[in-house]
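User: Please examine the structure below and discuss its sheet, its nonpolar cores and selected residue environments.

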Amino acid sequence: MRYLVSQPSVLFVCLGNICRSPLAEAALRAEAVAAGLAVTVDSAGTGGWHAGEPPDHRAIAEAARHGVDISGYRARQVRREDFQRFGHIFALDQQNLRDLKRIEPSGLLGRSTARISLLMDMVPGREGTAVIDPYGGSAEDFAQTWIDVREAARYIITRLAG
């Protein structure tokens, strides 16, 4: 199946799609609205064990602190068609980047059209770094994750609006 992308499209990917990638999705949605830019945004995980679940309650709380409601988001696993549906796929860390490149479709049928990279490569001076995984941490770790993904979201919007 081929997708025609009429506006910029971004997929954020972490491991389980309940902490970092939903926060990145929320941050980019908020920045796009503030900039008046239409962008298709979603998030997914390389693993599927949380599929159908809402984000971690601490991620929901952190997004809410910034006026964004992510309680309706539901985790899902990356699908083959994501590599054609999205123009940009951002991994939140190096392991998920390697996993995305490993599962990226190739060949004439179903070939990937997405640009796959590490999210923090968007932020000058942060190239090659990961967004910390706050899952085993505290509310402060979720706050730091928000700071990181919001900063990256601002750079993405600047590039897309450019």
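The following exchange concerns a predicted model.

User: In what order do the four strands of the open sheet lie, and which of them are the edge strands?

Analyst: The model contains an open sheet of four strands in the order E2-E1-E3-E4, with parallel pairing. Neighbouring strands are turned by 20 degrees against each other on average, direction ignored. A strand at the edge pairs on one side only, and this applies to strand E2 (40-45) and strand E4 (115-118). The order is therefore E2-E1-E3-E4, and the edge strands are E2 and E4.

User: Which residue of E2 is the bridge partner of Val-10?

Analyst: E1 and E2 pair in the parallel sense over six bridges. Within this pairing, the partner of Val-10 in E2 is Val-41.

User: Along E4, which side chains point to the face where they are buried?

Analyst: In a regular strand the side chains alternate between the two faces of the sheet. E4 shows such alternation: Arg-115 and Ser-117 point to one face and are not buried. Strand E3 (residues 88-91) is joined to E4 by four bridges, and the bridge partner of Phe-90 is Ser-117. The buried side chains, on the other face, are those of Ile-116 and Leu-118.

User: Which element gives the largest share of the largest nonpolar core?

Analyst: This core has 33 residues, and those with the most contacts inside it are Phe-12, Leu-28, Leu-119 and Val-149. Two or more residues each come from strand E1 (9-14), helix H1 (20-35), helix H2 (57-65) and helix H5 (139-161). The largest share is seven residues, and the element that gives it is H5.

User: Which residues does Leu-28 touch, leaving aside residues up to four places away in sequence?

Analyst: Leu-28 is among the residues with the most contacts inside the largest core. Its partners include Val-10 and Val-41, which are bridge partners of each other. The full list is Val-10, Phe-12, Val-39, Val-41, Ala-153, Ile-156 and Ile-157.

User: How many residues does the second, separate core have?

Analyst: Among the members of this second core are Leu-11, Phe-86, Leu-97 and Ala-114. The core is separate, and its number of residues is 13.

User: Is the aromatic pair of Phe-12 and Phe-90 stacked or edge-to-face?

Analyst: The model has one aromatic pair, and its centres are 6.0 Å apart with 25 degrees between the planes. The pair links Phe-12 in strand E1 with Phe-90 in strand E3, 78 residues apart, and both residues are buried. Because planes under 30 degrees apart meet the criterion, the pair is stacked.

User: Over which ring does the charged end of Arg-58 sit?

Analyst: The distance from the charged end of Arg-58 to the ring centre is 5.9 Å. This lies within the 6 Å cut-off for a charge over a ring. The ring is that of Tyr-135.

User: Is Gly-45 buried or exposed?

Analyst: Gly-45 lies in strand E2 and touches residues including Cys-14, Asn-17 and Val-78. Its C-alpha atom is separated by 5.0 Å from that of Cys-14, 31 residues apart along the chain. Because its relative accessible area is 0%, Gly-45 is buried.

User: What is the phi of Asn-17, and is this residue buried or exposed?

Analyst: Asn-17 is placed in the loop between E1 and H1. Although Asn-17 is not a glycine, its phi is positive, at about 65 degrees. With a relative accessible area of 2%, Asn-17 is buried.

How values were computed. Residues are numbered from 1 along each chain as its sequence is written. This is a predicted model: local features need pLDDT of at least 70, side-chain atom pairs count only at pLDDT 80 or more; totals for chains, interfaces and linings use all residues. Side-chain values use heavy atoms; hydrogens and water are left out. A nonpolar core is a set of buried Ala, Val, Leu, Ile, Met, Phe, Trp, Tyr and Cys residues joined through side-chain atoms within 4.5 Å. Buried means under 20% relative accessible area, exposed over 50%, partly exposed in between (1.4 Å probe, protein chains only). Contact means heavy atoms within 4.5 Å. Two strands pair if DSSP finds at least two bridges between them. Axes are lines fitted to C-alpha atoms, for helices over the stretch in contact, and angles run from 0 to 180 degrees between N-to-C directions. Rings of Phe, Tyr and Trp (its six-membered ring) pair if their centres lie within 6.5 Å; planes under 30 degrees apart count as stacked, over 60 as edge-to-face and the rest as tilted. A charge sits over a ring if NZ of Lys or CZ of Arg is within 6 Å of the ring centre and within 35 degrees of the ring normal.
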